[in-house]
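Please read these points with the model open beside you. They are set out as numbered remarks, and each can be checked against the coordinates.

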Amino acid sequence: MVVAIVIIVAIVVILAIVLMVSYNRFVKQRNLIQESWRQIDVELHRRYDLIPNLVETVRAFAAHERHVFEEVARLRTQAVNVQGATPEQRAAAEGELSGALRQMMISVEAYPQIQSNQNFLNLQRELTDTEDRIAAGRRFYNANVGDYNTRVESFPSNVIAGRFKFEKAGYFEVKDEQVRAVPQVSFGTIGSVEGEQAQPQMQPGVQSSGQIQPQMPGQPQYQPQQPQFPPAGGQPPYEGQPPVGQPPVGGPPAGTPGPQDGQPPFTGGQ
């Protein structure tokens, strides 16, 4: 009886320890998610502060781009007003604001005097650095959310999550289609690209100039054909006789009369 009581007590203690460790881990992960989100929120506020200064600098050089500036200002106000919303809603608002900023930067490219303005260049550099820190914070935040959500859905930790109301956290994902789009790669002269013709292929056994074609197994060995010359006087040329119409090596030119009796043979000199 005593042994059974000891076993039961030991099981209860082990379960209590497991429960406590799992609960504390949930709390730690939830706090880590909240801390990583605060880092993103700090950079987002810095972004909100930079945008008005950037817009005013560009407006001084391109006043007729009024619709672009108004859209950026409207989306900035919208993003500021949803600060207490879920990460999914914040991500949607930030995606629209990023698209408007990109459109404004495209409009700026038509004004070289803006791109040479030192104040604009400094603001653009600070905004770029802020965007990089937001992207790094988003990756860290989403990684923590992924680990936390996995434990919320996995057994047996899901039992503790359901008992103590640990709910799944939302991701902070980019909704901008231009950022998520896969770049199209074309290799130009490669014939495998759709709409282009493949390079012509040499027939087996035929050698192209300056290139050596490998002999494929099962193909007959290619034998180059010797040039055929018409026989002189109907007689086939014997071995060592030069072709008709060409002078022999070291001999007199074609059409030169042969040596007469008593004259020395022609030796090729002048």
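Leaving aside its neighbours within four places in sequence, with which residues is Gln115 in contact?

1. Outside that sequence window, Gln115 is in contact with Val108, Glu109, Phe120 and Leu121, a contact being a pair of heavy atoms within 4.5 Å. Gln115 belongs to helix α4, which covers residues 112–115, and is partly exposed at a relative accessible area of 39%; here buried means under 20% relative accessible area, exposed means over 50%, and partly exposed lies in between (1.4 Å probe, protein chains only). Between Gln115 and Val58 the C-alpha to C-alpha distance is 9.5 Å, at a sequence separation of 57 residues.

2. On provenance, this is a predicted model, in which local features need pLDDT of at least 70 and side-chain atom pairs count only at pLDDT 80 or more, while totals for chains, interfaces and linings use all residues. Residues are numbered from 1 along each chain as its sequence is written, and side-chain values use heavy atoms, with hydrogens and water left out.

3. As to the overall fold, the protein has seven helices and zero strands, where helices (H or I, at least four residues) and strands (E, at least two) are DSSP runs numbered from the N terminus. Of its 270 residues, 24% are buried, and among contacts with a separation of 6 or more, 65% join residues 24 or more positions apart. The exposed area is about 19,700 Å², of which carbon and sulfur atoms supply 57%, by the Shrake-Rupley method with a 1.4 Å probe, only the protein chains shown counting as cover for residues.

4. Ten salt bridges are found in the whole structure, each defined as a side-chain nitrogen of Lys or Arg within 4 Å of a carboxyl oxygen of Asp or Glu. One of them pairs Arg133 with Glu43, with the closest N and O atoms 3.0 Å apart; this pair links distant parts of the chain, Arg133 being in helix α5 and Glu43 in helix α1, 90 residues apart. Glu43 counts as buried because its relative accessibility is 15%, whereas Arg133, at 38%, is partly exposed. Beyond four places in sequence, Glu43 is in contact with Thr130, Arg133 and Ile134.

5. Glu126 forms a salt bridge with Arg46, the closest N and O atoms being 3.7 Å apart. Since Glu126 lies in helix α5 and Arg46 in helix α1, this pair ties together parts 80 residues apart in sequence. In addition, Arg47, Glu94 and Glu131 are linked in a network of salt bridges.

6. The second largest pocket has a volume of about 210 Å³, and its lining includes Arg30, Trp37, Tyr141, Tyr148 and Lys168. The elements giving two or more residues to this lining are α1 and α5 (118–153), and α1 contributes the largest share, four residues. Lys168 also forms a salt bridge with Glu153, the closest N and O atoms being 2.7 Å apart. For the pocket, a 1 Å grid over the protein atoms alone is used: a pocket is an open set of points with protein on both sides within 12 Å along at least five of seven lines, a 1.4 Å probe being the one fitted, and lining residues have an atom within 4 Å of a point.

Notes: Grid points are joined across faces, edges and corners, and a volume is the space filled by probe spheres set on the points.
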